[in-house]
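Student: I'd like a close look at one helix pair in this model. Could you set the scene first and then walk me through how the two pack?

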Amino acid sequence: MVSLLRLMRYLRGHRVAVGTSMLLMLLATAATLVQPQVVEWAVDFGIGQGDVQTVAIATLVLVGAAVASGALHFASGLVLTRAGQGMAYNVRNALFGTILSLSFSNLDRWRTGELIVRCTSDVTTVRMFVRMGFLMMMQSLAMLGGSLALMFRTNAELARIMLAIFGGTLALFLVLATVIRPLIMRVRERLDALNNTLQENLAGAKVVRAFARQRYERGRFEERNRAFLHLSLRVGYIISMAFPFLFFLGQMALVAVTWVGGLAIIEPAAERFAAGLTLGQLVAFNEYAMLAMWPILALGMTLQFLTRAAASAVRIEELLAEQPDIVEPDEPRPVAGRPPTVEFRDVSFAHGRGEPAVSGVNLRIEAGETVGIIGPTGSGKSTLAALIPRYYDPDSGTVLVAGVDTREAAISELRRTAIVALQESLLLTGTIGENVGYAAGGAGDGAHGEATAPGAAFPHPRLRRAAELASAGDFISEKENGWDEHVGERGVGLSGGQRQRVAIARAIAADPDILVLDDVTSALDAQTEREIVSNLYRELADKTVIVISQRVNTVRLADRIVVMEDGGISGVGTHESLLETNAIYREIAETQSSELRV
Ligand SMILES: Nc1ncnc2c1ncn2[C@@H]1O[C@H](COP(=O)(O)OP(=O)(O)OP(=O)(O)O)[C@@H](O)[C@H]1O
Ligand SMILES: [Mg+2]
């Protein structure tokens with residue numbers, strides 16, 4: 001509930017709308033509440049006295065009040081719709097901003113499905129509450145309060161009975177809300193689980209088919225779907241069970257009015273309860289009891305809105321409160337423009353609570369040096385590379401780029417200075433030109449579409465050169481649409497090797513001082529791989545280039561080779577020296593040369 005209230009800060013800019021809507025709603029309620037008074041007047045002074053004119057006037061007033069009430073309700077809802085949508089818009093933007101601020105380790109903890117539900121379905125639930133639930137709740141309370149006040153004015157004794165009944169109903173309502181809230185929270189969690197299954201299935205749709213695991217996946221989905229269904233049904237049952245109770249209590253109000261009020265009118269002389277009641281007042285009371293019934297039922301409905309919205313609000317706040325593990329320093333030290341050295345000082349790092357992926361690493365790479373990193377799979381090569389642009393912070397030790405502790409550099413500057421072409425070579429939906437130019441600053445503009453404007457070079461020479469260096473120029477020009485060839489989701493439409501070359505070009509085009517290729521040449525033949533790496537070493541002579549590869553023939557092109565094993569560095573040297581001193585390197589070299597001979 002507290003979270004829901006806190007979320008209301010996103011109504012900023014819509015406060016006037018909410019206020020206007022509430023005012024219109026109160027006016028509408030007043031127009032409704034005045035009706036029983038008119039009826040009372042009509043009965044006591046019109047019907048009772050046989051005065052047709054009074055009855056006619058009362059009827060006209062009733063019609064006017066009904067029309068006014070309807071129109072005011074309509075206007076109130078309309079105004080609030082805007083506010084609700086505006087708030088949802090603000091919350092979605094805030095959530096997306098938070099997601100963008102999350103660092104690699106945050107992202108390792110969250111699952112995509114959870115993030116999606118929070119940005120979509122949870123926001124909708126809160127919006128529905130603002131639009132429907134909140135208005136309904138306020139309206140019900142106003143109606144209930146108004147009816148009670150007017151009842152007290154008409155006849156205090158009878159009104160007290162009503163107060164007891166309505167009070168009991170409200171108490172029941174609150175108990176229900178408390179019981180149901182944890183259940184609804186669990187419903188949302190099961191929806192998360194369902195969405196995760198769906199999301200992973202869509203992302204891995206081809207894997208499922210390749211291994212003919214549809215039946216297994218269907219079973220898994222059905223199981224989660226069933227868990228969701230059962231819990232949703234339980235919540236539904238409890239709420240439907242509550243309704244007759246609330247309704248019953250409302251009926252009791254009518255019964256009480258009829259019995260107590262009726263007796264008071266039949267025997268006016270007796271010193272009874274509710275003495276002095278007129279017939280008109282009894283009719284008015286009856287109407288108030290009816291009017292009060294509607295808000296009681298509506299409160300039952302808002303119970304759903306409220307509890308769901310409260311549960312969703314908790315989840316939204318939870319994501320909004322997620323703090324990025326990587327934070328900007330207060331007073332950043334410049335790294336750009338300085339000699340691009342890389343240094344690891346006694347660096348250790350573990351993903352989550354796992355075993356250290358990198359431990360006790362000491363290594364200094366000079367500006368302009370080329371380094372090859374080789375080692376068995378899982379030995380920590382990617383992790384070591386990820387520490388350079390501060391995708392993760394080391395658990396202990398220091399990583400220095402251009403002589404500056406990475407924790408003291410401005411993140412965006414650091415990440416422009418040092419770029420890792422990630423092992424997964426993820427491309428984004430768009431054209432080849434857009435992908436290559438993704439991080440290339442001004443060079444990315446006009447990589448597509450408007451580049452056909454007269455005078456505009458197409459593509460930008462920097463992108464073209466990056467593609468040449470990545471040996472991607474030829475295949476791009478052979479594509480039907482060349483640089484404008486469309487790349488589907490995650491790079492669909494390109495071969496594995498083409499995808500990797502576009503990813504390499506993207507990293508080169510960004511023009512970093514320190515370029516790390518994390519095994520992004522794995523899908524290429526040995527010949528092309530060598531060609532790209534020697535291109536880079538030659539053309540980017542003033543840059544620091546680190547190439548992670550599984551092939552001895554590739555890493556030996558570098559000035560120095562680093563051999564990794566079990567998160568540590570087992571040797572550093574040239575091809576020849578490592579062959580003599582490093583058993584792992586020798587083993588890798590021997591398997592690869594024997595593979596050649598076969
Ligand atoms: N995001 C992650 N979350 C948890 N553990 C991870 C994560 N990434 C890597 N690891 C673990 O850290 C260790 C080192 O992995 P890393 O990816 O650095 O190895 P690698 O040398 O790059 O292997 P490969 O040659 O297969 O790419 C492994 O044990 C791996 O399971
Ligand atoms: Mg790796």
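Tutor: Sure, whole protein first: it has 20 helices and twelve strands, counted as DSSP runs (H or I of at least four residues for helices, E of at least two for strands) and numbered from the N terminus. The radius of gyration is 36 Å, well over the 25 Å that the globule rule gives for 598 residues, so the protein is more spread out than a compact globule; that rule is 2.2 Å times the number of residues to the power 0.38, and the radius is taken over C-alpha atoms. The C-alpha trace spans about 120 × 55 × 55 Å along its principal axes.

A word on provenance: this is a predicted model, where local features need pLDDT of at least 70 and side-chain atom pairs count only at 80 or more, while totals for chains, interfaces and linings use all residues. Residues are numbered from 1 along each chain as its sequence is written, and side-chain values use heavy atoms, with hydrogens and water left out.

Now the pair. Helix α14 (residues 461–469) packs against helix α16 (residues 496–509) at an angle of about 130°, with the axes 8 Å apart. Those axes are lines fitted to C-alpha atoms over the stretch in contact, with angles running from 0 to 180 degrees between N-to-C directions. α14 and α16 are therefore oblique to each other, meaning outside under 35 (roughly parallel), over 145 (roughly antiparallel) and 65 to 115 degrees (roughly perpendicular). On the α14 side, R462, L463, A466, A467 and L469 make the contact, and on the α16 side A505, I508 and A509 do, with contact meaning heavy atoms within 4.5 Å.

Methods
Chains lettered and ligands numbered in written order.
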